[in-house]
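User: I'd like a close look at one part of this model, with enough of the surroundings to make sense of it. Here is the entry.

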Amino acid sequence: MAEKFCVSCGRNILAIKDSVVFKCPNCGSEIVRCGICRNKVVKYTCPVCGFSGP
Ligand SMILES: [Zn+2]
Ligand SMILES: [Zn+2]
């Protein structure tokens, strides 16, 4: 299983509960977000197309 890193803070999400992986609504690329950033409602930015959302 490949390691995944939060797009907002760079943490390895395997060590963080409530982490999510979802598709960018704009381009469909995989976006990884850790539970810490979800709790803080940190904005994410797609690394491929630059789309950002809540
Ligand atoms: Zn994070
Ligand atoms: Zn995108």
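What pattern does the protein follow, read along the sequence? Once that's clear, please zoom in on the hairpin of S1 and S2: which residues stand opposite each other there, and what does tyrosine 44 contact?

Analyst: Reading along the sequence, you get β-β-α-β-β, made up of 1 helix and 4 strands. Helices here are DSSP runs of H or I with at least four residues, strands are runs of E with at least two, and both are numbered from the N terminus.

Some ground rules before zooming in. This is a predicted model, so to speak of local features a pLDDT of at least 70 is needed, side-chain atom pairs count only at pLDDT 80 or more, and totals for chains, interfaces and linings use all residues. Residues are numbered from 1 along each chain as its sequence is written, while chains are lettered from A and ligands numbered from 1 in the order in which they are written.

How confident is the predictor? pLDDT, its per-residue confidence from 0 to 100, averages 93 over the protein, and 98% of the residues score at least 70. Among the elements, H1 has the highest mean at 96, and strand S4 (residues 52-53) the lowest at 88.

Now the hairpin. Strand S1 covers residues 20-23 and strand S2 residues 30-33; they run antiparallel, and 4 bridges join them. Two strands count as paired if DSSP finds at least two bridges between them. Phenylalanine 22 sits opposite isoleucine 31 of S2, and valine 21 has valine 32 as its bridge partner in that strand. There are 6 residues between S1 and S2, and glycine 28 in that turn takes a positive phi of about 85°.

S2 also feeds the core. A nonpolar core is a set of buried Ala, Val, Leu, Ile, Met, Phe, Trp, Tyr and Cys residues joined through C-beta atoms within 7 Å. Buried means 20 or more other C-beta atoms within 10 Å of the residue's own, exposed means 12 or fewer, and partly exposed lies in between, with C-beta atoms placed from the backbone. The largest such core has 9 residues, and Ile31 and Val32 are in it along with Cys6, Val7, Ile13, Cys24, Cys34, Cys37 and Tyr44. Over the protein, 19% of the 54 residues count as buried.

Tyrosine 44 is found in strand S3, and it is buried because 20 other C-beta atoms lie within 10 Å. Contacts are pairs whose C-beta atoms, placed from the backbone, lie within 7 Å. Beyond its neighbours within four places in sequence, tyrosine 44 contacts Val7, Ser8, Ile31, Arg33, Ser52 and Gly53. From C-alpha to C-alpha, tyrosine 44 and isoleucine 31 are 8.2 Å apart, with their positions 13 residues apart in sequence. Another core member, cysteine 34, touches Cys6, Cys9, Arg11, Ile13, Ile16 and Ser19, if you skip residues up to four places away.

Val32 turns up again with phenylalanine 5, whose contacts outside its neighbours within four places are Gly10, Arg11, Asn12, Ile13 and Val32. Phenylalanine 5 lies in the segment before S1 and counts as partly exposed because it has 13 C-beta neighbours inside 10 Å.

From the helix, arginine 38 in H1 reaches the hairpin strands: leaving aside neighbours within four places, its contacts are Asp18, Val20 and Arg33. Arginine 38 is partly exposed, since 16 other C-beta atoms lie within 10 Å. The C-alpha atoms of arginine 38 and serine 19, 19 residues apart in sequence, are 7.7 Å apart in space.

Two backbone oddities are worth a glance. Most residues other than glycine have a negative phi. Aspartate 18, in the segment before S1, has a positive phi of about 65° and is exposed, as 12 other C-beta atoms lie within 10 Å. Valine 41, in the loop between helix H1 (35-40) and strand S3 (44-45), has a positive phi near 55°. Valine 41 is exposed too, because it has 7 C-beta neighbours inside 10 Å.

Conventions: Two residues are in contact if their C-beta atoms, placed from the backbone, lie within 7 Å. pLDDT is the predictor's confidence in each residue, from 0 to 100.
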